[in-house]
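This briefing goes through one structure by topic. It starts with strand pairing and then turns to cores, aromatic contacts, loops and confidence.

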Amino acid sequence: MAENENGQDKTEDPTDKKKADARKEGQIARSKELNTLAIMMVGAGGLLVFGSGIAQMMMELMRSNFTISREMLMDQSYMGKMLLSSGWAALTTMLPLLVALMLASLIAPMSLGGWLFAAKSMAPKFSRMNPASGLKRMVSSHALIELLKGLGKFVVVLVVALAVLSKEKADLISIAHEPLEMAVIHSLQVVGWSTLWMACGLIIIAAIDAPYQVWEAHKKLLMTKQEIRDEHKDSEGKPEVKQRIRQLQREMSQRRMMEAVPNADVIITNPTHFAVALKYDPEQGGAPMLVAKGTDFMALKIREIGAHHQILILESAGLARSIYYSTELDQEIPAGLYLAVAQVLAYVYQIRQYHSGRGKRPDPLGDITIPPDLRRDS
């Protein structure tokens with residue numbers, strides 16, 4: 001069972017974040033044997049399909065390039081033209097085989113680990129230059145497995161090659177007695193079939209190696225229970241950090257709230273346990289807005305700031321509690337409290353008129369009716 005440096009067993013499947021980080025670093029399942037098999041199979045198939053055309057192109061190029069007249073040899077521009085035409089002919093003839101090999105080299109890796117371009121895996125790692133680390137990798141279990149795979153491939157390919165050569169012995173001997181053109185075509189066909197049979201021998205190696213690479217990649221990503229807990233803390237945030245952030249957010253909110261108290265029109269209290277500050281702007285329309293609220297110590301601070309800025313403070317226990325529980329900061333009061341708050345604002349307006357000498361002193365504010373669904377008893 002895998003262990004980490006702390007001796008804890010890695011028994012848990014990797015999380016999605018662990019898998020994503022591994023992909024960014026290029027740590028995914030890859031099978032070199034599967035890639036070799038695909039390229040050899042496609043190459044052998046390409047020789048069998050396009051071999052005759054390639055052979056005819058090669059003979060035509062040799063015929064045209066080795067039968068040059070003296071006048072053409074004396075023409076300095078002829079050799080460049082001949083080189084370009086020969087290269088273009090070779091390219092157009094070989095292009096289907098080259099495209100097939102390129103597609104095989106791209107599709108084979110993607111069939112196991114998917115498409116991936118990881119820049120981190122291309123960055124130089126100076127730790128690989130450490131002789132001690134290199135010696136450790138040479139005597140590791142991974143190196144032993146790679147050695148066994150190499151020996152297995154050698155044995156398989158050798159056995160298949162001997163079997164193919166034994167079977168194709170008569171054809172190989174007959175090539176020597178064939179005309180040149182037929183001999184070249186026949187040679188490419190023999191090479192194609194021999195390569196195909198040797199590639200088929202690698203199917204056994206690839207069938208073992210591909211599942212092993214998937215298993216090994218998964219094993220490297222296994223995690224301990226503590227690593228999962230640590231990752232969860234890092235992604236969700238450590239409790240003490242989150243608590244500190246919430247505390248700072250509350251402090252910032254309270255500072256903004258206290259800065260808004262001097263702009264309030266009225267402060268309604270419980271009288272000691274609750275305090276809410278309302279502001280109404282008739283030019284903007286809408287309902288009165290709650291700019292500050294608090295209980296106990298915070299309620300005391302709201303009253304102190306209101307008194308310092310000569311904001312009218314009214315005592316209405318039911319209305320203060322109702323507004324506190326039903327309205328959030330910087331939001332309008334609910335429609336059920338329009339009538340009650342309108343009575344308060346009318347009283348505030350009359351008090352202001354009285355203090356400015358433009359009206360008589362209003363009667364004390366009487367009981368304020370609170371709708372039953374918005375009532376919050378103490």
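Two strands count as paired if DSSP finds at least two bridges between them. In this predicted model, strand E1 (residues 266-269) has bridges to E2, where the partner of Ile 268 is Val 276. The mean pLDDT of the protein chain is 79, with 87% of its residues at 70 or more.

**Strand E1 and its partners**

- E1 and strand E2 (residues 274-279) run antiparallel and are joined by 4 bridges.
- These two strands, E1 and E2, make a hairpin, with 4 residues lying between them.
- E1 also pairs with strand E4 (residues 312-315), here in the parallel sense and over 4 bridges.
- Within E4, Leu 312 is the bridge partner of Val 266.
- E1 is covered on both faces: Val 266 and Ile 268 are buried on one side, and Ile 267 and Thr 269 are buried on the other.

**Thr 269**

- Thr 269 belongs to strand E1.
- With a relative accessible area of 3%, Thr 269 is buried because the cut-off for that class is under 20%.
- Setting aside residues up to four places away in sequence, Thr 269 touches Phe 274, Ala 275, Arg 303, Ile 313, Leu 314, Glu 315, Ser 316, Ala 317 and Ala 320.

**Nonpolar cores**

- The largest nonpolar core has 24 residues, of which Ile 268, Leu 319 and Ile 323 touch the most other members.
- At least two residues of this core come from each of E1, E2, helix H13 (317-326) and helix H14 (338-355).
- H14 gives the most to the core, namely 7 residues.
- A second core, separate from this one, has 14 residues, among them Val 261, Ile 267, Ala 277 and Met 298.
- Ile 268 of the largest core and Ile 267 of the second core lie on opposite sides of E1.

**Helix H13**

- Leu 319, Ala 320, Arg 321, Ser 322, Ile 323 and Tyr 324 are buried in H13.
- The cover over the buried residues of H13 includes E1, E2, strand E3 (289-295) and H14.
- Beyond its neighbours within four places in sequence, Leu 319 is in contact with Ile 268, Leu 337, Ala 340, Val 341, Val 344, Ile 368 and Ile 370.

**Aromatic contacts**

- The whole structure holds 4 aromatic pairs.
- One of them is formed by Tyr 324 and Tyr 325, which meet edge-to-face, 5.2 Å centre to centre and with 90° between the planes.
- Phe 274, Tyr 324 and Tyr 325 belong to one aromatic cluster.
- Tyr 324 is buried, whereas Tyr 325 counts as partly exposed at 47% relative accessibility.
- Over the ring of Tyr 324 sits the charged end of Lys 293, 4.8 Å from the ring centre.

**Ala 22 in helix H1**

- Ala 22 lies in helix H1 (residues 16-24).
- Its relative accessible area is 3%, so Ala 22 is buried.
- Apart from neighbours within four places in sequence, Ala 22 is in contact with Gln 27 and Leu 221.
- Ala 22 and Lys 220 are 198 residues apart along the chain, and their C-alpha atoms are separated by 9.8 Å.

**Loop residues with positive phi**

- Gln 310 is not a glycine, yet its phi is positive, at about 60°.
- The loop that holds Gln 310 lies between helix H12 (297-308) and E4.
- Gln 310 counts as exposed, with 75% relative accessibility.
- Asp 330, also a residue other than glycine, has a positive phi near 60°.
- Asp 330 is placed in the loop between H13 and H14.
- At 55% relative accessibility, Asp 330 counts as exposed because that class begins over 50%.

**Confidence by element**

- Among the elements of the protein chain, E2 has the highest mean pLDDT, at 90.
- The lowest mean pLDDT among these elements is 56, for helix H5 (residues 119-122).

Key
Residues are numbered from 1 along each chain as its sequence is written. This is a predicted model: local features need pLDDT of at least 70, side-chain atom pairs count only at pLDDT 80 or more; totals for chains, interfaces and linings use all residues. Side-chain values use heavy atoms; hydrogens and water are left out. Rings of Phe, Tyr and Trp (its six-membered ring) pair if their centres lie within 6.5 Å; planes under 30 degrees apart count as stacked, over 60 as edge-to-face and the rest as tilted. Buried means under 20% relative accessible area, exposed over 50%, partly exposed in between (1.4 Å probe, protein chains only). A charge sits over a ring if NZ of Lys or CZ of Arg is within 6 Å of the ring centre and within 35 degrees of the ring normal. Contact means heavy atoms within 4.5 Å. A nonpolar core is a set of buried Ala, Val, Leu, Ile, Met, Phe, Trp, Tyr and Cys residues joined through side-chain atoms within 4.5 Å. pLDDT is the predictor's confidence in each residue, from 0 to 100.
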